[in-house]
Amino acid sequence: MTDFSYCSPTRYIFGRGAEEKVAEQAAALGARSALIVFGMGSALRSGLIDRVDNLLRGAGIATSRLGGVTPNPTDTKVYEGIEVARKEGVDMVIAVGGGSAIDCAKAIAAGTLYDGDFWDFYSGKSVIERALPIGVVLTIPAAGSEGSGNSVITKTDGLIKNSLRTDFWLRPKFACLNPELTFTLPPFQTACGVCDMMAHILERYFSPTDDVEVSDRLCEGLLQAIITEAPKVMAAPTDYQARANILWSGTLAHNGICGCGRVEDWCSHFLEHEISALYDVAHGAGLAVVVPSFVTFMASRKPSKPAQLGRRVFGLDIADDRECALAAASALREFFASLGLPTDFASLGVPDPDIATMVRKVHALKGTPFGGYSPLYPADTEAIYRLCFGH
(Lines give C-alpha, C1' and ligand atoms only; values in the text may rest on other atoms or scores of the structure.)
Protein backbone atom coordinates (compact mmCIF):
# COMPACT_ATOMS: atom_id res chain seq x y z
CA MET A 1 0.00 0.00 0.00
CA THR A 2 1.23 3.51 -0.84
CA ASP A 3 0.94 6.64 1.32
CA PHE A 4 -2.16 8.70 0.58
CA SER A 5 -4.22 11.76 1.48
CA TYR A 6 -7.98 11.38 1.40
CA CYS A 7 -10.52 14.17 1.83
CA SER A 8 -14.28 13.62 1.58
CA PRO A 9 -16.13 16.80 2.61
CA THR A 10 -19.49 15.78 1.12
CA ARG A 11 -22.46 15.44 3.48
CA TYR A 12 -24.82 12.73 2.21
CA ILE A 13 -28.53 13.00 2.98
CA PHE A 14 -29.90 9.58 2.00
CA GLY A 15 -33.43 8.22 1.95
CA ARG A 16 -37.03 9.05 1.18
CA GLY A 17 -37.61 12.77 0.82
CA ALA A 18 -33.88 13.58 0.91
CA GLU A 19 -34.34 16.31 -1.71
CA GLU A 20 -36.49 18.24 0.78
CA LYS A 21 -33.27 19.04 2.68
CA VAL A 22 -31.68 20.93 -0.21
CA ALA A 23 -32.55 24.43 1.08
CA GLU A 24 -31.53 23.56 4.63
CA GLN A 25 -28.13 22.41 3.42
CA ALA A 26 -27.63 25.38 1.09
CA ALA A 27 -28.59 27.85 3.81
CA ALA A 28 -26.17 26.21 6.26
CA LEU A 29 -23.41 26.98 3.77
CA GLY A 30 -24.45 30.63 3.64
CA ALA A 31 -25.90 30.56 0.13
CA ARG A 32 -27.81 33.64 -0.96
CA SER A 33 -28.11 33.02 -4.70
CA ALA A 34 -28.03 29.57 -6.34
CA LEU A 35 -27.79 28.45 -9.95
CA ILE A 36 -29.82 25.26 -10.55
CA VAL A 37 -28.23 23.15 -13.30
CA PHE A 38 -30.21 20.31 -14.88
CA GLY A 39 -30.52 18.18 -17.99
CA MET A 40 -32.83 17.65 -20.92
CA GLY A 41 -36.16 17.99 -19.15
CA SER A 42 -37.17 14.91 -17.14
CA ALA A 43 -36.45 16.63 -13.82
CA LEU A 44 -38.39 19.65 -15.08
CA ARG A 45 -41.34 17.60 -16.35
CA SER A 46 -41.58 15.65 -13.10
CA GLY A 47 -41.84 18.88 -11.11
CA LEU A 48 -38.57 18.25 -9.26
CA ILE A 49 -36.90 21.44 -10.51
CA ASP A 50 -39.86 23.53 -9.38
CA ARG A 51 -39.82 21.84 -5.96
CA VAL A 52 -36.11 22.49 -5.50
CA ASP A 53 -36.53 26.06 -6.72
CA ASN A 54 -39.44 26.71 -4.35
CA LEU A 55 -37.58 25.21 -1.39
CA LEU A 56 -34.58 27.44 -2.01
CA ARG A 57 -36.69 30.56 -2.48
CA GLY A 58 -38.65 29.71 0.63
CA ALA A 59 -35.39 29.77 2.56
CA GLY A 60 -34.57 33.22 1.20
CA ILE A 61 -32.13 31.99 -1.46
CA ALA A 62 -32.51 33.60 -4.90
CA THR A 63 -32.42 31.18 -7.83
CA SER A 64 -31.43 31.09 -11.48
CA ARG A 65 -31.79 28.13 -13.84
CA LEU A 66 -29.62 26.50 -16.49
CA GLY A 67 -31.37 23.61 -18.23
CA GLY A 68 -30.60 21.57 -21.30
CA VAL A 69 -27.36 19.94 -20.19
CA THR A 70 -26.82 17.04 -22.58
CA PRO A 71 -25.26 13.64 -21.96
CA ASN A 72 -21.52 14.04 -22.59
CA PRO A 73 -21.81 17.73 -21.54
CA THR A 74 -20.05 20.30 -23.69
CA ASP A 75 -18.07 23.45 -23.09
CA THR A 76 -20.76 25.59 -24.74
CA LYS A 77 -23.20 24.88 -21.91
CA VAL A 78 -20.48 25.58 -19.33
CA TYR A 79 -19.76 28.97 -20.88
CA GLU A 80 -23.49 29.73 -20.82
CA GLY A 81 -23.68 28.79 -17.15
CA ILE A 82 -20.65 30.90 -16.22
CA GLU A 83 -22.26 33.90 -17.90
CA VAL A 84 -25.52 33.40 -15.98
CA ALA A 85 -23.71 32.84 -12.68
CA ARG A 86 -21.70 36.03 -13.01
CA LYS A 87 -24.67 38.09 -14.14
CA GLU A 88 -26.86 36.90 -11.25
CA GLY A 89 -24.17 37.07 -8.57
CA VAL A 90 -24.49 33.36 -7.83
CA ASP A 91 -22.63 32.07 -4.77
CA MET A 92 -23.60 28.39 -5.07
CA VAL A 93 -24.28 25.90 -7.87
CA ILE A 94 -26.82 23.11 -7.36
CA ALA A 95 -27.02 20.24 -9.84
CA VAL A 96 -30.27 18.32 -10.14
CA GLY A 97 -29.87 15.16 -12.19
CA GLY A 98 -27.09 12.72 -12.95
CA GLY A 99 -23.42 12.86 -13.82
CA SER A 100 -23.77 15.19 -16.82
CA ALA A 101 -25.57 17.90 -14.85
CA ILE A 102 -23.14 17.53 -11.95
CA ASP A 103 -20.03 17.62 -14.16
CA CYS A 104 -21.33 20.73 -15.91
CA ALA A 105 -22.13 22.34 -12.55
CA LYS A 106 -18.60 21.65 -11.35
CA ALA A 107 -17.07 23.28 -14.41
CA ILE A 108 -19.31 26.32 -13.89
CA ALA A 109 -18.37 26.47 -10.21
CA ALA A 110 -14.69 26.58 -11.10
CA GLY A 111 -14.99 28.83 -14.14
CA THR A 112 -17.13 31.52 -12.52
CA LEU A 113 -14.34 32.57 -10.17
CA TYR A 114 -11.54 32.25 -12.75
CA ASP A 115 -10.30 35.12 -14.90
CA GLY A 116 -9.30 32.89 -17.80
CA ASP A 117 -10.96 30.16 -19.86
CA PHE A 118 -12.35 27.35 -17.68
CA TRP A 119 -10.97 24.86 -20.22
CA ASP A 120 -7.50 25.75 -18.88
CA PHE A 121 -8.31 23.44 -15.96
CA TYR A 122 -9.27 20.54 -18.23
CA SER A 123 -6.30 20.97 -20.55
CA GLY A 124 -3.84 21.16 -17.65
CA LYS A 125 -2.83 24.78 -18.25
CA SER A 126 -4.08 25.91 -14.85
CA VAL A 127 -4.95 24.44 -11.46
CA ILE A 128 -8.16 25.20 -9.56
CA GLU A 129 -7.48 27.30 -6.47
CA ARG A 130 -11.07 28.20 -5.63
CA ALA A 131 -14.60 27.35 -6.74
CA LEU A 132 -18.19 28.07 -5.81
CA PRO A 133 -19.67 25.48 -3.41
CA ILE A 134 -21.62 22.73 -5.15
CA GLY A 135 -24.75 20.89 -4.02
CA VAL A 136 -26.46 17.92 -5.66
CA VAL A 137 -29.91 16.39 -5.86
CA LEU A 138 -29.18 13.06 -7.52
CA THR A 139 -31.65 11.37 -9.87
CA ILE A 140 -29.39 8.92 -11.75
CA PRO A 141 -27.05 6.47 -9.98
CA ALA A 142 -24.09 6.09 -12.32
CA ALA A 143 -21.28 8.59 -12.53
CA GLY A 144 -20.62 8.96 -8.80
CA SER A 145 -19.94 12.64 -9.43
CA GLU A 146 -22.07 13.49 -6.39
CA GLY A 147 -19.19 12.36 -4.16
CA SER A 148 -16.08 12.86 -6.27
CA GLY A 149 -13.88 15.78 -7.19
CA ASN A 150 -13.95 14.72 -10.83
CA SER A 151 -15.61 16.21 -13.89
CA VAL A 152 -15.67 15.32 -17.61
CA ILE A 153 -16.44 17.90 -20.31
CA THR A 154 -16.28 17.73 -24.12
CA LYS A 155 -14.77 20.64 -26.03
CA THR A 156 -16.86 21.01 -29.18
CA ASP A 157 -13.93 22.34 -31.20
CA GLY A 158 -12.11 19.13 -32.07
CA LEU A 159 -14.48 16.91 -30.03
CA ILE A 160 -11.98 16.67 -27.19
CA LYS A 161 -13.44 14.88 -24.19
CA ASN A 162 -11.27 15.39 -21.14
CA SER A 163 -11.50 14.68 -17.43
CA LEU A 164 -10.42 16.78 -14.48
CA ARG A 165 -9.64 15.37 -11.03
CA THR A 166 -9.42 17.45 -7.87
CA ASP A 167 -8.98 16.30 -4.30
CA PHE A 168 -11.15 18.99 -2.73
CA TRP A 169 -12.42 21.95 -4.75
CA LEU A 170 -14.96 20.17 -6.93
CA ARG A 171 -16.29 17.74 -4.35
CA PRO A 172 -19.93 18.67 -3.63
CA LYS A 173 -20.57 20.07 -0.16
CA PHE A 174 -23.75 18.04 0.07
CA ALA A 175 -25.64 15.44 -1.93
CA CYS A 176 -29.32 14.56 -1.48
CA LEU A 177 -29.93 10.92 -2.47
CA ASN A 178 -33.52 9.67 -2.58
CA PRO A 179 -33.84 6.21 -4.19
CA GLU A 180 -37.45 6.98 -5.13
CA LEU A 181 -36.23 9.62 -7.60
CA THR A 182 -34.64 6.79 -9.62
CA PHE A 183 -37.82 4.69 -9.94
CA THR A 184 -38.77 6.09 -13.36
CA LEU A 185 -35.37 5.73 -15.04
CA PRO A 186 -35.64 3.88 -18.36
CA PRO A 187 -34.14 0.35 -18.19
CA PHE A 188 -31.32 1.20 -20.60
CA GLN A 189 -30.29 4.23 -18.56
CA THR A 190 -30.36 2.16 -15.38
CA ALA A 191 -28.16 -0.48 -17.03
CA CYS A 192 -25.71 2.14 -18.31
CA GLY A 193 -25.42 3.49 -14.78
CA VAL A 194 -24.68 0.04 -13.38
CA CYS A 195 -21.90 -0.46 -15.93
CA ASP A 196 -20.42 2.98 -15.21
CA MET A 197 -20.20 2.39 -11.47
CA MET A 198 -18.68 -1.06 -11.98
CA ALA A 199 -16.09 0.47 -14.31
CA HIS A 200 -15.23 3.08 -11.67
CA ILE A 201 -14.47 0.27 -9.25
CA LEU A 202 -12.46 -1.70 -11.78
CA GLU A 203 -10.34 1.34 -12.67
CA ARG A 204 -9.12 1.24 -9.04
CA TYR A 205 -9.03 -2.54 -8.85
CA PHE A 206 -6.64 -2.89 -11.79
CA SER A 207 -3.64 -1.58 -9.91
CA PRO A 208 0.05 -2.54 -9.89
CA THR A 209 0.26 -1.75 -6.16
CA ASP A 210 0.92 -4.73 -3.90
CA ASP A 211 -0.48 -5.43 -0.43
CA VAL A 212 -3.83 -3.65 -0.88
CA GLU A 213 -6.03 -6.37 0.58
CA VAL A 214 -8.41 -3.93 2.28
CA SER A 215 -9.21 -1.88 -0.82
CA ASP A 216 -9.22 -5.03 -2.98
CA ARG A 217 -11.92 -6.45 -0.73
CA LEU A 218 -13.85 -3.17 -0.79
CA CYS A 219 -13.82 -3.27 -4.60
CA GLU A 220 -14.79 -6.93 -4.74
CA GLY A 221 -17.58 -6.55 -2.20
CA LEU A 222 -19.08 -3.59 -4.05
CA LEU A 223 -18.92 -5.43 -7.36
CA GLN A 224 -20.67 -8.44 -5.86
CA ALA A 225 -23.35 -6.25 -4.33
CA ILE A 226 -24.00 -4.54 -7.66
CA ILE A 227 -24.12 -7.86 -9.51
CA THR A 228 -26.68 -9.09 -6.96
CA GLU A 229 -28.87 -5.96 -6.87
CA ALA A 230 -28.83 -4.84 -10.51
CA PRO A 231 -31.03 -7.67 -11.83
CA LYS A 232 -33.55 -6.92 -9.07
CA VAL A 233 -33.76 -3.29 -10.18
CA MET A 234 -34.13 -4.27 -13.83
CA ALA A 235 -36.93 -6.71 -12.96
CA ALA A 236 -38.73 -4.44 -10.46
CA PRO A 237 -37.90 -0.74 -11.06
CA THR A 238 -39.77 0.40 -7.92
CA ASP A 239 -38.01 -2.03 -5.55
CA TYR A 240 -36.92 0.57 -3.00
CA GLN A 241 -34.26 -1.53 -1.27
CA ALA A 242 -32.65 -2.65 -4.51
CA ARG A 243 -32.67 0.94 -5.79
CA ALA A 244 -31.17 2.12 -2.50
CA ASN A 245 -28.34 -0.39 -2.72
CA ILE A 246 -27.56 0.56 -6.32
CA LEU A 247 -27.74 4.28 -5.52
CA TRP A 248 -25.27 4.02 -2.65
CA SER A 249 -23.00 1.70 -4.64
CA GLY A 250 -22.65 4.35 -7.33
CA THR A 251 -21.46 6.86 -4.74
CA LEU A 252 -19.01 4.50 -3.05
CA ALA A 253 -17.65 3.40 -6.43
CA HIS A 254 -16.33 6.87 -7.21
CA ASN A 255 -15.86 8.88 -4.00
CA GLY A 256 -12.24 7.72 -3.82
CA ILE A 257 -12.44 5.26 -0.95
CA CYS A 258 -11.71 2.28 -3.23
CA GLY A 259 -8.55 3.91 -4.56
CA CYS A 260 -6.83 4.86 -1.31
CA GLY A 261 -3.24 3.67 -1.10
CA ARG A 262 -3.00 2.31 -4.64
CA VAL A 263 -2.10 3.39 -8.16
CA GLU A 264 -5.22 3.54 -10.32
CA ASP A 265 -5.59 2.65 -13.99
CA TRP A 266 -8.32 4.53 -15.97
CA CYS A 267 -7.40 3.08 -19.36
CA SER A 268 -10.94 1.86 -20.04
CA HIS A 269 -12.42 5.29 -19.35
CA PHE A 270 -9.86 7.05 -21.52
CA LEU A 271 -10.52 4.63 -24.39
CA GLU A 272 -14.28 5.02 -24.04
CA HIS A 273 -14.10 8.81 -23.92
CA GLU A 274 -12.84 8.82 -27.50
CA ILE A 275 -15.76 6.66 -28.63
CA SER A 276 -18.41 8.83 -26.97
CA ALA A 277 -16.66 12.06 -28.06
CA LEU A 278 -16.75 11.02 -31.72
CA TYR A 279 -20.04 9.13 -31.81
CA ASP A 280 -22.02 10.55 -28.85
CA VAL A 281 -22.93 7.14 -27.45
CA ALA A 282 -24.01 6.70 -23.84
CA HIS A 283 -20.91 6.52 -21.67
CA GLY A 284 -22.05 3.42 -19.78
CA ALA A 285 -22.91 1.65 -23.03
CA GLY A 286 -19.47 2.41 -24.40
CA LEU A 287 -17.87 1.06 -21.23
CA ALA A 288 -19.87 -2.17 -21.56
CA VAL A 289 -18.00 -2.74 -24.81
CA VAL A 290 -14.56 -1.47 -23.74
CA VAL A 291 -14.12 -2.94 -20.25
CA PRO A 292 -14.43 -6.64 -21.19
CA SER A 293 -12.13 -5.99 -24.14
CA PHE A 294 -9.57 -4.40 -21.82
CA VAL A 295 -9.76 -7.42 -19.49
CA THR A 296 -9.38 -9.76 -22.48
CA PHE A 297 -6.27 -7.87 -23.58
CA MET A 298 -4.79 -8.02 -20.08
CA ALA A 299 -5.35 -11.79 -19.97
CA SER A 300 -2.29 -12.09 -22.19
CA ARG A 301 -0.42 -8.99 -21.05
CA LYS A 302 -0.81 -9.11 -17.24
CA PRO A 303 -3.43 -11.65 -16.13
CA SER A 304 -2.95 -11.66 -12.35
CA LYS A 305 -5.57 -9.08 -11.36
CA PRO A 306 -8.19 -10.09 -13.93
CA ALA A 307 -7.76 -13.67 -12.72
CA GLN A 308 -8.25 -12.55 -9.12
CA LEU A 309 -11.41 -10.76 -10.26
CA GLY A 310 -12.66 -13.97 -11.81
CA ARG A 311 -12.00 -16.07 -8.74
CA ARG A 312 -13.15 -13.67 -6.03
CA VAL A 313 -16.07 -11.92 -7.73
CA PHE A 314 -17.38 -14.47 -10.22
CA GLY A 315 -16.39 -17.59 -8.27
CA LEU A 316 -14.36 -19.12 -11.10
CA ASP A 317 -12.38 -22.22 -10.20
CA ILE A 318 -9.67 -21.99 -12.87
CA ALA A 319 -6.05 -22.45 -11.84
CA ASP A 320 -4.34 -20.92 -14.89
CA ASP A 321 -4.28 -17.10 -14.61
CA ARG A 322 -4.65 -16.44 -18.32
CA GLU A 323 -7.58 -18.79 -18.73
CA CYS A 324 -9.23 -17.42 -15.59
CA ALA A 325 -8.74 -13.85 -16.82
CA LEU A 326 -10.34 -14.69 -20.17
CA ALA A 327 -13.25 -16.30 -18.36
CA ALA A 328 -13.60 -13.18 -16.16
CA ALA A 329 -13.81 -11.03 -19.29
CA SER A 330 -16.53 -13.30 -20.64
CA ALA A 331 -18.40 -13.15 -17.32
CA LEU A 332 -18.34 -9.36 -17.38
CA ARG A 333 -19.52 -9.28 -20.98
CA GLU A 334 -22.33 -11.72 -20.26
CA PHE A 335 -23.44 -9.76 -17.21
CA PHE A 336 -23.61 -6.51 -19.17
CA ALA A 337 -25.50 -8.28 -21.96
CA SER A 338 -28.00 -9.62 -19.40
CA LEU A 339 -28.82 -6.00 -18.54
CA GLY A 340 -29.49 -5.20 -22.19
CA LEU A 341 -26.20 -3.44 -22.86
CA PRO A 342 -24.18 -3.69 -26.09
CA THR A 343 -21.28 -6.11 -26.32
CA ASP A 344 -19.43 -4.86 -29.41
CA PHE A 345 -19.11 -1.89 -31.75
CA ALA A 346 -21.97 -3.04 -33.96
CA SER A 347 -24.49 -3.34 -31.13
CA LEU A 348 -23.24 -0.01 -29.78
CA GLY A 349 -24.35 1.54 -33.07
CA VAL A 350 -20.81 2.22 -34.29
CA PRO A 351 -20.19 -0.52 -36.88
CA ASP A 352 -17.25 1.21 -38.56
CA PRO A 353 -15.37 3.34 -35.98
CA ASP A 354 -12.34 5.41 -36.94
CA ILE A 355 -9.84 3.52 -34.81
CA ALA A 356 -6.81 5.40 -36.11
CA THR A 357 -8.30 8.73 -35.05
CA MET A 358 -9.30 7.40 -31.61
CA VAL A 359 -5.81 6.01 -31.01
CA ARG A 360 -4.20 9.26 -32.09
CA LYS A 361 -6.49 11.40 -29.94
CA VAL A 362 -6.25 9.34 -26.76
CA HIS A 363 -2.45 9.37 -26.81
CA ALA A 364 -2.38 13.08 -27.66
CA LEU A 365 -4.46 13.71 -24.53
CA LYS A 366 -3.05 11.11 -22.14
CA GLY A 367 0.51 10.63 -23.37
CA THR A 368 2.48 7.60 -24.48
CA PRO A 369 2.25 5.33 -22.65
CA PHE A 370 -0.75 5.89 -20.37
CA GLY A 371 -2.47 3.81 -17.70
CA GLY A 372 -1.56 2.51 -14.28
CA TYR A 373 -1.98 -1.27 -14.40
CA SER A 374 0.05 -2.06 -17.52
CA PRO A 375 0.68 1.15 -19.49
CA LEU A 376 -0.56 1.19 -23.07
CA TYR A 377 1.26 2.19 -26.24
CA PRO A 378 -0.53 2.97 -29.53
CA ALA A 379 -0.34 -0.64 -30.73
CA ASP A 380 -1.95 -1.73 -27.44
CA THR A 381 -4.82 0.76 -27.63
CA GLU A 382 -5.47 -0.29 -31.23
CA ALA A 383 -5.52 -3.93 -30.16
CA ILE A 384 -8.10 -3.21 -27.43
CA TYR A 385 -10.28 -1.21 -29.82
CA ARG A 386 -10.15 -4.13 -32.29
CA LEU A 387 -11.25 -6.51 -29.56
CA CYS A 388 -14.35 -4.30 -29.29
CA PHE A 389 -15.52 -5.68 -32.64
CA GLY A 390 -16.36 -8.90 -30.81
CA HIS A 391 -15.40 -12.48 -31.45
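Biologist: How much area does the protein expose, and what share of it do carbon and sulfur atoms supply?

Modeller: This is a predicted model, and in it the protein exposes about 14,900 Å², of which carbon and sulfur atoms supply 52%. Turning from the surface to the interior, buried residues make up 59% of the 391 residues.

Biologist: What radius of gyration does the protein have, and how should I read that value?

Modeller: The value is read against what a compact globule with 391 residues would have, which is near 21 Å; the protein has 20 Å, so the two agree. Along the principal axes, the C-alpha atoms fill a box of roughly 65 × 45 × 45 Å.

Biologist: How many helices and strands are there, and what share of the contacts with a separation of 6 or more joins residues 24 or more positions apart?

Modeller: The protein has 16 helices and eight strands. Of the contacts with a separation of 6 or more, 78% are between residues 24 or more positions apart. Proline 9, in the segment before strand 1 (11–14), gives a case to look at, since its C-alpha atom lies 7.6 Å from that of phenylalanine 168 although 159 residues separate the two in sequence. Leaving aside residues up to four places away in sequence, proline 9 touches Phe168, Arg171, Pro172 and Lys173, and with a relative accessibility of 29% it counts as partly exposed.

Biologist: How far apart in space are alanine 27 and cysteine 195, which are 168 residues apart along the chain?

Modeller: Their C-alpha atoms are separated by 35 Å. Alanine 27 belongs to helix 1, and its relative accessible area of 39% makes it partly exposed.

Biologist: Which residues of helix 3 are buried, and why do they line one face of the helix?

Modeller: The general idea is that an α-helix has 3.6 residues a turn, so residues three or four places apart point the same way. In helix 3, which covers residues 48–58, the buried residues are Leu48, Ile49, Val52, Asp53 and Leu56. Seen down the helix axis, these buried residues fall within an arc of 135°, and therefore they line one face of helix 3. On the other side of helix 3, Asn54 and Gly58 are exposed.

Biologist: What covers the buried residues of helix 3?

Modeller: The cover includes two helices, helix 1 (22–28) and helix 2 (42–45), together with strand 2 (33–38), strand 3 (62–66), strand 4 (92–97) and strand 5 (134–138).

Biologist: Where in the backbone should I look for a positive phi?

Modeller: Just after helix 3, glycine 60 has a positive phi of about 85°. Asparagine 72 is not a glycine, yet its phi is positive as well, at about 55°. Asparagine 72 sits in the loop between strand 3 and helix 4 (75–88), and it is buried, with a relative accessible area of 12%. Leucine 159, again not a glycine, has a positive phi of about 50°. Leucine 159 is found in the loop between strand 6 (150–155) and strand 7 (160–165), and at 34% relative accessibility it counts as partly exposed.

Biologist: Which two residues does a cis peptide bond join, and what is omega there?

Modeller: The cis peptide bond joins threonine 368 and proline 369, with omega at about -5°. To find it in the structure, look in the loop between helix 15 (355–366) and helix 16 (378–387), where proline 369 has its place.

Notes: Residues are numbered from 1 along each chain as its sequence is written. This is a predicted model: local features need pLDDT of at least 70, side-chain atom pairs count only at pLDDT 80 or more; totals for chains, interfaces and linings use all residues. Side-chain values use heavy atoms; hydrogens and water are left out. Helices (H or I, at least four residues) and strands (E, at least two) are DSSP runs, numbered from the N terminus. The radius of gyration is taken over C-alpha atoms; the globule rule is 2.2 Å times the number of residues to the power 0.38. Buried means under 20% relative accessible area, exposed over 50%, partly exposed in between (1.4 Å probe, protein chains only). Contact means heavy atoms within 4.5 Å. Accessible areas come from the Shrake-Rupley method with a 1.4 Å probe; for residues, only the protein chains shown count as cover. The arc is that of the directions from the helix axis to the C-beta atoms.
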